[in-house]
Amino acid sequence: MTVHVSVPATIANLGPGFDVLGMAVQLHDRITMAVDEETTVAFTGPRAAALGTVSRPLVARAAEAVAQEAGRRERFRITVECAVPVARGLGSSAASVVGGLVAANHLLGGPLPQERLLALAAGIEGHPDNVAPALLGGVVAVVADEEGLHPARFLPRADLDVVVAVPEVTVATAEARALLPETVPHADAVFNVGRAALLVAALLTGEERLLRPAMRDRLHQPYRARLVPGLPEVLAAAEAAGAYGAVLAGSGSSVAALAPPERSEGVGAAMVDVFARRGIAAELLLTQVDPHGAVVHEEMS
């Protein structure tokens, strides 16, 4: 039997929701998996070369983690069709992890419940704000404590497109985290708590006018700006072109804006133009929130 699973790209943090908020978007990696004598991984698609160097162990580690958790010894033949940009803040590693977990779990007859898959994904990835929306879809707020993970998933009521500028600049998550201070001013913490709450409320109620102030951040974007040339100007250009708001996607380098559908192309062009004036080529992705998360599409005997 062969299983096919699609997994969406994700945008973590969403500005003020550092390590807590994540959004799935309609750009997918596709994992094909079958039981075999040993675990092998092959990569195809437009991002294959980059993913082969960055995420090769993750999809295999995830699949084998399911087998081990279930007390099984199966190994897997895996092909990953790569569409999610790599090392650009769009959750390519989370897609590999979640795809490996979901495909293997399906192949083995579903021995693990969804909450256990999420816990395994967070353990392999290191933090849950990318893997949760990749698995569950929509927008997810997720926190962890001694009792485990607590995800809250919802679909935005706001009418919006997700506009992503993907510059030819790679950012390693470890490097981006190293720039963050050990402590932050109390005023900055209050600033972000308020805006994270406002962002969730704006998305849930559809009050688009609240999105621009809600998407401001003081906890991570100012410190990471040096890794993404022109970041403040790109964020400002998106808003000037009519976006509800714009943020650094994950740890970067991509920049994501939420925009009314009729303005999304202009917003994207404005962001790409700022990068171009810095001498940096940028790919434009016009997409929307993905409501489904990881989906098993078919299986064949």
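This report describes a helix pair and a four-stranded sheet in a predicted model.

## Helices α3 and α5

Two packed helices are described by the angle between their axes and the distance between the axes. For helix α3 (residues 92-107) and helix α5 (residues 128-136), the axes come within 9 Å and cross at roughly 50°. Angles from 35 to 65 degrees fall outside the parallel and perpendicular classes, so α3 is oblique to α5. The crossing of the two helices is right-handed.

On the α3 side, the contact is made by Ala94, Val98 and Val102. Helix α5 contributes Asn130, Val131, Ala134 and Leu135. Of the residues in this contact, six are nonpolar and one is polar, while none is charged.

## The four-stranded sheet

Strands of a sheet pair through backbone hydrogen bonds, either parallel or antiparallel. Here four strands form an open sheet in the order β8-β9-β7-β10, and the pairing is antiparallel. The edges are taken by β8 (245-248) and β10 (282-287). Each edge strand has a single partner strand, so one of its sides has no neighbour in the sheet. On average, neighbouring strands are turned by 20° against each other, direction ignored.

Strand β7 (residues 161-167) runs antiparallel to β10, and six bridges join the two. Within this part of the sheet, valine 163 stands opposite leucine 286 in β10.

## Helix α11 on the sheet

Helix α11 (residues 264-277) lies across three strands of the sheet: β7, β9 (255-259) and β10. Its direction is at about 15° to that of β7.

Methods: Residues numbered from 1 in each chain as written. Predicted model: local features only at pLDDT ≥ 70, side-chain atom pairs only at ≥ 80, totals over all residues. Heavy atoms only, no water. Axes fitted to C-alpha atoms, helices over the stretch in contact; angles between N-to-C directions. Parallel < 35°, antiparallel > 145°, perpendicular 65-115°, else oblique. Left-handed = near helix turned anticlockwise from the far one by under 90°. Contact = heavy atoms within 4.5 Å. Nonpolar A, V, L, I, M, F, W, Y, C, P; charged D, E, K, R; others polar. Pairing = 2+ DSSP bridges.
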